[in-house]
Amino acid sequence: MLRRELQPESWMMAKPPATIPSLGAESNLTRYLQEIRKFPMLQPDEEYMLARRWQEDGDTEAAHRLVTSHLRLVAKIASGYRSYGLPMAELISEGNVGMMQAVKRFDPDRGFRLATYAMWWIRASIQEYILHSWSLVKIGTTAAQKKLFFNLRRIKGQLRAMEEGDLSPENVTAIADQLNVAEHEVVAMNRRIAGRDHSLNAPLTIEGDGEWQDWLVDEEPDQEYMLGEQQELEQRRDMLARGMEDLNERERRILIERRMREPAMTLEELSQEFGVSRERIRQIEVRAFAKLQKAMRQFASDDA
């Protein structure tokens, strides 16, 4: 099994090591999970301001708080890959690397929460590690083959074929059609994965603290989370509409065409429409965007 030595981002090293729980041997996993629950979740306006401090000022304290407040999200996503036979500690470590990358690239002005953006980086980091760690997976190079590797178990569950061993011809055909791969690739991948199955009753740690089945998660979207996301989206849309009312007609027109349309109008096109220079259009756009940000932050503060 290959294992990449993880090096923390330089900006994370700016914090005292004791502020982030260490995750070494598998026996430390239970303690680690307990420790990361101590980091508080961030409110939307708090998350926004921290992201701005990191983005504009390179504030490592802000970046550190953004990462640590999402360590529980990393652990939850990593648990979804427990069936690939790799130590949970390593999966979580890789997910944490993805979380750091997400914070580095997160743009709070795009209107969505960091968790929504970060989950893709976390999954990508973990999946890349799994593919490099499975020495038997020799064909997982194309997008279709990677899709087969990470979706075969789920589809087998839907077909109630988890205990079949070798798949029946009917199930092989169904899976191949659904994932757009050759039938022989389905058979080969199923045999590779079947060789790495572990009992869900196996102990989670050396001390026997819990079993793998304790990490089973419902793959369906959490209703409470979906409701919260919907409410937050509606709130942001309402604040955006109210913020746009503070702009004059020309500012609204330029901001909409430059920031809210696909494809956006060019400075040249707008300069011809309003009879001013391109530089003047750019200045109006920047000023209008700043006014909109200020108004939305004020609304968020008033509604808190």
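In the predicted model, helix α2 (residues 29–36) packs against helix α5 (residues 71–79) with an interaxial distance of 9 Å and an angle of about 140° (axes are lines fitted to C-alpha atoms over the stretch in contact, and angles run from 0 to 180 degrees between N-to-C directions). The two helices, α2 and α5, are therefore oblique to each other, a class left over once angles under 35 degrees are taken as roughly parallel, over 145 as roughly antiparallel and 65 to 115 as roughly perpendicular. Tyr32, Leu33 and Ile36 of α2 meet Leu71, Arg72 and Ala75 of α5, contact being defined as heavy atoms within 4.5 Å. By class, five nonpolar residues, one charged residue and no polar residues form the contact of α2 with α5.

The protein chain contains 14 helices and zero strands, where helices (H or I, at least four residues) and strands (E, at least two) are DSSP runs numbered from the N terminus. Of its 304 residues, 40% are buried, that is, under 20% relative accessible area with a 1.4 Å probe. Among contacts in the protein chain with a separation of 6 or more, 63% link residues 24 or more positions apart. The accessible surface of the protein chain, about 17,500 Å², belongs to carbon and sulfur atoms for 51%, as computed by the Shrake-Rupley method with a 1.4 Å probe.

Residues are numbered from 1 along each chain as its sequence is written, and side-chain values use heavy atoms, with hydrogens and water left out. As the model is predicted, local features need pLDDT of at least 70 and side-chain atom pairs count only at pLDDT 80 or more, whereas totals for chains, interfaces and linings use all residues.

How values were computed
Buried means under 20% relative accessible area, exposed over 50%, partly exposed in between (1.4 Å probe, protein chains only). Ala, Val, Leu, Ile, Met, Phe, Trp, Tyr, Cys and Pro count as nonpolar, Asp, Glu, Lys and Arg as charged, and the others, Gly among them, as polar.
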